[in-house]
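I wanted to go through this structure with a short list of things to look up, and these are my entries in the order I made them.

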Amino acid sequence: MSDAIRILKRLKEGEELYVLMSACTRNPYVECDPETFDDCVVILFDQETAQAELDRFTRAQVPVSMARMVQKQRLVFYTSLYTMGVNAILVKEQEGNTRIQLADVVKRTDPSQKKDTIWIENPQLHLTALYFMQRIRSGTRMEMTPELAQMQEEISVNFARGSFLVPLQKEGKGVPLIRIGEEEKYQPVFTDILEFQKFNKGNILRPVVVPSGKLPQVLVSGACGVVLNPMGVNMPLKVEQGRQPQASV
């Protein structure tokens, strides 16, 4: 059995896996392969190797944790990587690292092609937001480098092109608001239904699809912008009529 086949089998059928999670985004830690430019999440097969990897990141002052994932969580996890813009999995073992394409682990039918279905996803925006927040919230003093400025511009452009899920109360006309800092309030918006469901734990909200250009029209009084995926990247964005959205850092 080749290494690739062995690893694929374990990714699909192994009793447990360990996933490297970013404390900055509450999502899997993403990293870009410097040679292939694959956007990867990191998975390990045993607790000893997982702890060694966690210690390595801790020494580098990168805020991460390790999450144990059992068999029944596997399909939902792999599917969620598509909504994040991730296209590969980096498996780290004591013998070395192996990169596996996500499509080889779980194939996904394009949900937007289903009849009578309105499907909202913003994978490129979500991915860039993950990279950006991993850097900005790393805990070290961070200057606005050209690389970060480019990410910020990509976030603004992709946000302006997207449509989002805006939560409303199922009963009544209430709109949830999130306070950031002492005074500013933001209205939550979501890149996809999985992020919306994280927020809607009590099942008291319903999602409404709103294109980015119309978000200023639906902002409630007192909100100075929107916060993207508050249970994940939790990225505040200033939104004003006629102006490109700007990520707040």
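**Two asparagines in loops**

I began with Asn-234, which I found in the loop between β12 (223-228) and β13 (235-238). The model is a predicted one, so I took the backbone angles as features of a prediction and read them with that in mind. Phi of Asn-234 is near 50°, a positive value although the residue is not a glycine. I then looked up its accessibility, and with a relative accessible area of 22% Asn-234 is partly exposed, because buried would require a value under 20%.

I noted a second case at Asn-203, where phi is also positive, about 55°, again in a residue that is not a glycine. Asn-203 sits in the loop between α7 (193-199) and β11 (205-211), and its relative accessibility of 48% makes it partly exposed, since exposed starts over 50%.

**The nonpolar cores**

Which residues have the most contacts inside the largest nonpolar core? I listed Leu-11, Ile-43, Tyr-78, Leu-81, Ile-89, Leu-228 and Met-235, in a core that has 46 residues. Helix α5 (residues 123-136) gives the most to this core, contributing eight residues. I also recorded a second, separate core of nine residues, with Tyr-18, Leu-20, Tyr-29 and Ala-50 among them.

I followed Leu-228 further and, leaving out residues up to four places away in sequence, found that it touches Leu-125, Phe-159, Phe-164, Val-189, Thr-191, Val-233, Asn-234, Met-235 and Leu-237. Asn-234, from my opening entry, is thus one of the residues that Leu-228 touches.

**Val-227 in strand β12**

I placed Val-227 in strand β12, and at 0% relative accessibility it counts as buried. Not counting residues up to four places away in sequence, Val-227 touches Ile-178, Ile-180, Tyr-186, Gln-187, Pro-188, Val-189, Asn-234, Met-235 and Pro-236. For one of these, Ile-178, I also noted the spacing: the two residues are 49 apart in sequence, and their C-alpha atoms are 7.9 Å apart in space.

**Helix α5 against α6**

How do the axes of α5 and α6 cross? The axes of α5 and helix α6 (residues 146-161) come within 9 Å and cross at roughly 150°, and the crossing is left-handed. On the α5 side I wrote down Gln-124, Leu-125, Thr-128, Ala-129, Tyr-131, Phe-132, Arg-135 and Ile-136, which meet Glu-147, Leu-148, Met-151, Gln-152, Glu-154, Ile-155, Asn-158 and Phe-159 in α6. By class, this contact has nine nonpolar, four polar and three charged residues.

I picked out Thr-128 from α5 for a closer look. Thr-128 is buried, at 4% relative accessibility, and apart from its neighbours within four places in sequence it is in contact with Met-151, Glu-154, Ile-155 and Asn-158. I also checked Thr-128 against Met-84, which is 44 residues away in sequence, and the C-alpha atoms of the two are 9.1 Å apart.

**Asn-122, before α5**

I found Asn-122 in the loop between α4 (102-105) and α5. Is Asn-122 buried or exposed? With a relative accessible area of 8%, Asn-122 is buried, because the limit for that class is under 20%. A polar atom of the Asn-122 side chain lies 3.0 Å from the backbone oxygen of Thr-191. Leaving aside residues up to four places away in sequence, Asn-122 touches Thr-83, Gly-162, Ser-163, Phe-164 and Thr-191.

**Helix α3 and strand β11**

In helix α3 (residues 74-83) I noted Arg-74, Phe-77, Tyr-78, Ser-80, Leu-81 and Thr-83 as buried. Gly-85 follows α3 and has a positive phi, near 85°.

My last entry concerns Val-210, which is in strand β11 and is buried, with a relative accessible area of 7%. Beyond its neighbours within four places in sequence, Val-210 is in contact with Ser-163, Phe-164, Val-166, Leu-215 and Val-218. I also looked up Trp-119, which is 91 residues from Val-210 along the chain, and found their C-alpha atoms separated by 12 Å.

Definitions and conventions. Residues numbered from 1 in each chain as written. Predicted model: local features only at pLDDT ≥ 70, side-chain atom pairs only at ≥ 80, totals over all residues. Heavy atoms only, no water. Helix = DSSP H or I, 4+ residues; strand = E, 2+ residues; numbered from the N terminus. Buried < 20%, exposed > 50% of the residue type's maximum accessible area, 1.4 Å probe, protein only. Core = buried A, V, L, I, M, F, W, Y, C linked by side-chain atoms within 4.5 Å. Contact = heavy atoms within 4.5 Å. Polar contact = N/O pair within 3.5 Å; in protein donor to acceptor, adjacent residues only side chain to side chain. Axes fitted to C-alpha atoms, helices over the stretch in contact; angles between N-to-C directions. Left-handed = near helix turned anticlockwise from the far one by under 90°. Nonpolar A, V, L, I, M, F, W, Y, C, P; charged D, E, K, R; others polar.
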